[in-house]
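Trainee: Please take me closely through one part of this model, its salt bridges, with the cut-offs behind each term. How many salt bridges does the structure hold?

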Amino acid sequence: MAEREIPEQYLEGCAQILAEVSATGRRLTREELTSRRDLGERAADAGHGLRALVSAHLTAARAAWPATPGSADSALAAIHQVIDAFAEGYERAQRHAVRQEEAARREFIDDLLYGRSDLGRLAERAERFGLRLSQAHAVAVAQGPTAYDEGDPVPRGVEQALLARFGNRDVLLTTKDGRLLCIAPGHQDEVLTHFAKQAHAATDGGRVAIGRPQPGPGGVVHSYEEALNALELAERLELEDPVLRAADLLVYPVLTRDRQAMADLVVSTLGPLTAARGGAEPLLDTLTAYFDSGCVAAEAARRLSLSVRALTYRLERIQKLTGANPADPAHRYMLQTAVIGARLLDWPAKEL
């Protein structure tokens, strides 16, 4: 595309400065350098390209080139100072514009994820960043061993991997509270799946949670909150899956919706385990491993580094203390629900 013609106003005073400097051999004054920087800022704000601006300066220099050969060195030094000062002002304006864009992007992301802005206005601002909030969106959140900012190598690498695979598909990648975020249209699950794969690898085995697609301008914040809750659940329940989907974990919020009822179940069902030698923790870990292994004693014993005989003894001890047999289907659901509740409520570390 052809460059726009550079208006004369951005070359104002250039020919006069070059003529005086080439004739006297002096350097540019502070005021002259400041004027060049100011013109560079104004040209950048007007959207002119730096290459075209430098070309225009060189054309003006050729027109004002001194006829006396001995003045050529002074003229060349003056051109160097003029263009250097002009480019400095241009770059200063560019940096300011980048900082403003980053601030606007960060403000938009904060408003988007916390729902602090008028939804209609938020939808208008979203188009600037490639999102159409009239559609359903889903959010994936990746958490690694360290905190990440947008300019860090890890987020940049993940973004490049997504762009190489999918191009620009109305997807927004960003960071929030040290985590990596990917916001994508709800029907493009393959984007979030690929993000999860790349983020898991880039964060050295970090965990990724994917919220459900949610409709409308407020859908992003709802999906984001689901992903965060999934990460919190995974930590509490010590889940090993590197990628978690909020849709697969809906049972846990249901179980804890009535916190007092869950606390009563935990205390009444598992409370007697506190009377065991060594406290409730070892027996609670036994139940957790037993249920997580599909109630297969040999697998549970392997996970706990116990013999099958030792595991069987622990299960018998649990039955004696609680009156519930983990191997009996009639008792199993109550015990397993209580174990899940204990992990969610951090019992027995926290008193209920």
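Mentor: Let us begin with Arg26, which in this predicted model forms a salt bridge with Glu20, their closest N and O atoms lying 3.0 Å apart (a salt bridge is a side-chain nitrogen of Lys or Arg within 4 Å of a carboxyl oxygen of Asp or Glu). Arg26 has a relative accessible area of 26% and is therefore partly exposed, and Glu20, at 34% relative accessibility, is counted as partly exposed as well (buried means under 20% relative accessible area, exposed over 50%, and partly exposed in between, with a 1.4 Å probe and protein chains only). This pair belongs to a wider arrangement, since a network of salt bridges links Glu20, Arg26 and Glu32.

To your question on the number, the structure holds 11 salt bridges, and two further examples are worth reading side by side. In one of them, Asp189 pairs with Arg245, again with the closest N and O atoms 3.0 Å apart. That pair links distant parts of the chain, as Asp189 lies in helix α7 (residues 189–202) and Arg245 in strand β5 (residues 243–245), 56 residues apart (helices, H or I with at least four residues, and strands, E with at least two, are DSSP runs numbered from the N terminus). Asp189 has a relative accessibility of 32%, so Asp189 is partly exposed, while Arg245, with 29%, also counts as partly exposed.

In the other example, Arg236 forms a salt bridge with Glu232, and here the closest N and O atoms are 2.9 Å apart. Both residues sit in helix α8 (residues 219–237), and because they are four residues apart there, about one helical turn separates Arg236 from Glu232. Arg236 is partly exposed at 43% relative accessibility, and Glu232 is likewise partly exposed, at 38%.

When you check these values yourself, keep in mind that local features in this predicted model need pLDDT of at least 70 and side-chain atom pairs count only at pLDDT 80 or more, whereas totals for chains, interfaces and linings use all residues. Residues are numbered from 1 along each chain as its sequence is written, and side-chain values use heavy atoms, with hydrogens and water left out.
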